[in-house]
Amino acid sequence: MMKRILVILFVLAAMLAGCWDKVELDRRALVLGAAMDTVPQSDEFKSKGHVKEDGRELYILTVETHMAKMASVTSGEGGGNGGGGGNGGVQQRAKRLMMHTGTSFFEALRKMATESDKILFFGHQQVLIIGEELARTYDLNKIMDFWDRDPEIDRSLKVLIAKGRAGDIFNADPKHSQAVSTFIRNQSEQTGKTSRFINLGLVEFLSKLEKGADLLVGGIALLDDEGLKISGSAVIKGGRLQGWLDEMETMAAQFVMDEVKGGEIVAPDPERKGNFITAEIFSAKSRLNAEIQDGMPSFAVDVKMECGIVEISDQSVKSVEEKKIAVAEKAVSAAVEKQIKDTVTKLQKQYKADVLGFGDKFEKYHNREWKEIKEKWDKLYPEVPVYVKVQTKVRKVGRKY
Amino acid sequence: MFRDNDKVSAREATFFIIASLIEVGTLNFSRIATREVGSDAWLALIFSNLFVLPAIFIMVKLGQRFYRHGFGEYSRIIAGTAIGWILSAALVVYWLFVSARVLRAVSNVIMLTLLDKTPMEVIGFSFLLVAAYLCWYGIEPLCRISVLICIVVMPTIIIMCLSVINEFKIDNLLPFLTEGPLPVLKFGFKEIGELTEMTFFLFLIPFIDKSGKAMKVALCALLIAFLFIFFVLVLTIGVMGVDIVKFQLLPPITLLESAEFIGIFIERLGVVFTGLWIIMIFPTICGLMFAAALVLSQMFGFKSHRPFIIPLVPLIYIISAIPKGMVETQDFFEFLIPYGIVMLLFVPLLLYIIAIVRGVKDT
């Protein structure tokens, strides 16, 4: 008897087991990337009823999705699936763009659901792109809440700010990759080779915003030939976009933040005018020290770098001697030092944005003094002295000795 | 095989306490602590573990004095039938509420991160039924499963955490003691109430085959659990920074989700991390249930704890379902912290003093 009950129980267990949250993969659309924008004041959007009469704030959310099996549909009718962005269909890509407006981003998502048979899944999102206009007009602190609150979102996604409209980025044609988002993600992993853009994850981004700190966010731009360029960085001050740093300035800023992992430096050769020494960075360590000088804060940036000489732009230089190496070391140090100084000055005087975390450092190491100057830090910041010291060691000279 | 054997070795008991100490509260701790004391959270954790030492000392001494009886029996021997009965009842109620809190917290975590449409009844009851099954066979299987869980799950969690260690910044743990040591000490004392599972020593000692080793068991377990919790806490704050930890519901899970595992082909390891952590919660709930059932059986003079297990299942579930929302849950179970301090520190102290004065002990 007992045995019979057990058998029945096991059969029932096998048959009745299920999962409330089950969604078949072919009913899912994996969101790979999302772009946030403001609604432009154009007639096209008004006629579609996207702009509400009461003039509330509205955002546009564009998502790039990937659908399983779409790629393997053999018939020709798959072309009709290229949605909103108008980029689908030709080669039966498994990607699709969806776009909608909303007063909140969640509202925009739910509106998308009215136009799609697929369930959006955010667990594999790779990138989040913020439009330039949105970042300039709104406090990012106020609009990022959805990405922090939603439990489904993969917190390792990358945050970037687009030059121009963020939704347009997904119209790019990444030559070697199926979707724009994966292209961006894979490219941002190359940061070790160039140090020219800011590889910023969502959690770090939110953490700095939450703190009220200024920060740098990687920039992305759509080129004329539908290519993509990820370089430079956006300066965010008080939650708003203040301006841009170019590639080399971004690299200099990363030197201060101790984020440089590689890259190259082209330094003018001090001995022979018009020639250059190119060095590749193997490793860089930097320390930012906050000190008190006559009761006022001052900062010292101390960079220690190891690099190798990879190119000397003069055929007449046949060998790299010890003396020459010392010269090269000095030249590279001087070049980096100048770069860092220029960037810091630009951030201090032009943008007045403390993106390098000077105030934060001071708060942590001189807390008592910080409480006194906290209120007037905004005024003090452009004037604080910053001393930069770079030490370079050349470890390799390549196969030409 | 293990049924009614009811003797565990000192090592098994140690693992049982470790596995019970690490529960869902550990996930919340970094948020609560950074809200109260900012970047000194790690110091508060050290203090709360130091403050609990006298309580452990008294509980173990008391247990060793009555090495053949559990709490339900010796409280009556010491303080008389009526008071002993009331104290035992208070302890049982405490354990029931703690297990309800743990159950509610774990269902919240599961609903938030893994199964968002599954109703709480299903998660709660399936959790409790498994726990009840484990409790049915007594303390020995419970301890052995704890050993298994500890040696499989804890190293895995540590290895997963190590993958984010290169983003650890010591600056995030600064500034140090900005408001002076007083708030940290205060919070550290309050957090003794979170080390609930140390009350297991009130019933555990008769089951350890060499009850003289109980002190060693307690200290070893506390130390290992402390190191583990400390590691997770420091890593969470050190990688993410105090400001974001304050606003995350489950900071360590956010930490693991934000990690980039270069060279690993699996994404979303945060989910795996959550799953592993949920396994760690089983010994806690089982232990609390077993403890409550055992003390109840001692109170009513039953030989076995078994008749009380099944009635406890709906009871725990009902308590856990009282608070309506996630925010309310936090407030509803808030009273457990002072309650815990009383049960952990004052009740054993009182009983111990009376026992010495009256000179009663097991021979």
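These legends go with four close-up views of a predicted model, centred on chain B.

**Figure 1. Chain B as a whole is built from helices, with 16 of them and zero strands.** Stretched out along its principal axes, the C-alpha trace of chain B covers about 60 × 45 × 40 Å. How does the radius of gyration of chain B fit with a compact globule? For 363 residues, such a globule would come out near 21 Å, and chain B has 20 Å, so the two agree. Half the story is inside: buried residues account for 50% of the 363 residues in chain B. Contacts also reach a long way along the sequence. Take the contacts in chain B with a separation of 6 or more, and 82% of them link residues 24 or more positions apart.

**Figure 2. Chain B meets chain A through a contact that draws 22 residues from chain B and 19 residues from chain A.** On the side of chain B that touches chain A, helix H5 (81–113), helix H11 (242–245) and helix H12 (251–258) each chip in with at least two residues. H12(B) gives the largest share, three residues. As for the mix of classes, this side of chain B has eight nonpolar, six polar and eight charged residues.

**Figure 3. Here helix H3 (residues 41–65) of chain B crosses helix H8 (residues 182–190) of chain B.** Two packed helices are described by the angle between their axes and the distance between the axes. For this pair, the axes come within 8 Å and cross at roughly 50°. An angle that is neither under 35 degrees, nor over 145, nor from 65 to 115 counts as oblique, and that is why H3(B) is oblique to H8(B). The crossing of the two is right-handed. Which residues of H3(B) and H8(B) meet? From H3(B) come B:Leu43, B:Ala44, B:Phe47, B:Ser48 and B:Phe51, and from H8(B) come B:Val184, B:Leu185, B:Phe187, B:Gly188 and B:Phe189. Sorted by class, the contact of H3(B) with H8(B) has eight nonpolar, two polar and no charged residues.

**Figure 4. Zooming in on B:Ile22, we land in the loop between helix H1 (10–21) and helix H2 (24–37) of chain B.** Is B:Ile22 buried or exposed? There are 26 other C-beta atoms within 10 Å of B:Ile22, and 20 or more are enough to call a residue buried, so B:Ile22 is buried. Setting aside neighbours within four places in sequence, B:Ile22 is in contact with B:Ala225, B:Phe228, B:Ile229 and B:Met280. B:Thr284 is in this view too: B:Ile22 and B:Thr284 are 262 residues apart in sequence, yet their C-alpha atoms are 7.8 Å apart in space.

Key: Residues numbered from 1 in each chain as written. Chains lettered and ligands numbered in written order. Predicted model: local features only at pLDDT ≥ 70, side-chain atom pairs only at ≥ 80, totals over all residues. Contact = placed C-beta atoms within 7 Å. Helix = DSSP H or I, 4+ residues; strand = E, 2+ residues; numbered from the N terminus. Nonpolar A, V, L, I, M, F, W, Y, C, P; charged D, E, K, R; others polar. Rg over C-alpha atoms; globule rule 2.2 N^0.38 Å. Buried ≥ 20, exposed ≤ 12 C-beta atoms within 10 Å, placed from the backbone. Axes fitted to C-alpha atoms, helices over the stretch in contact; angles between N-to-C directions. Left-handed = near helix turned anticlockwise from the far one by under 90°.
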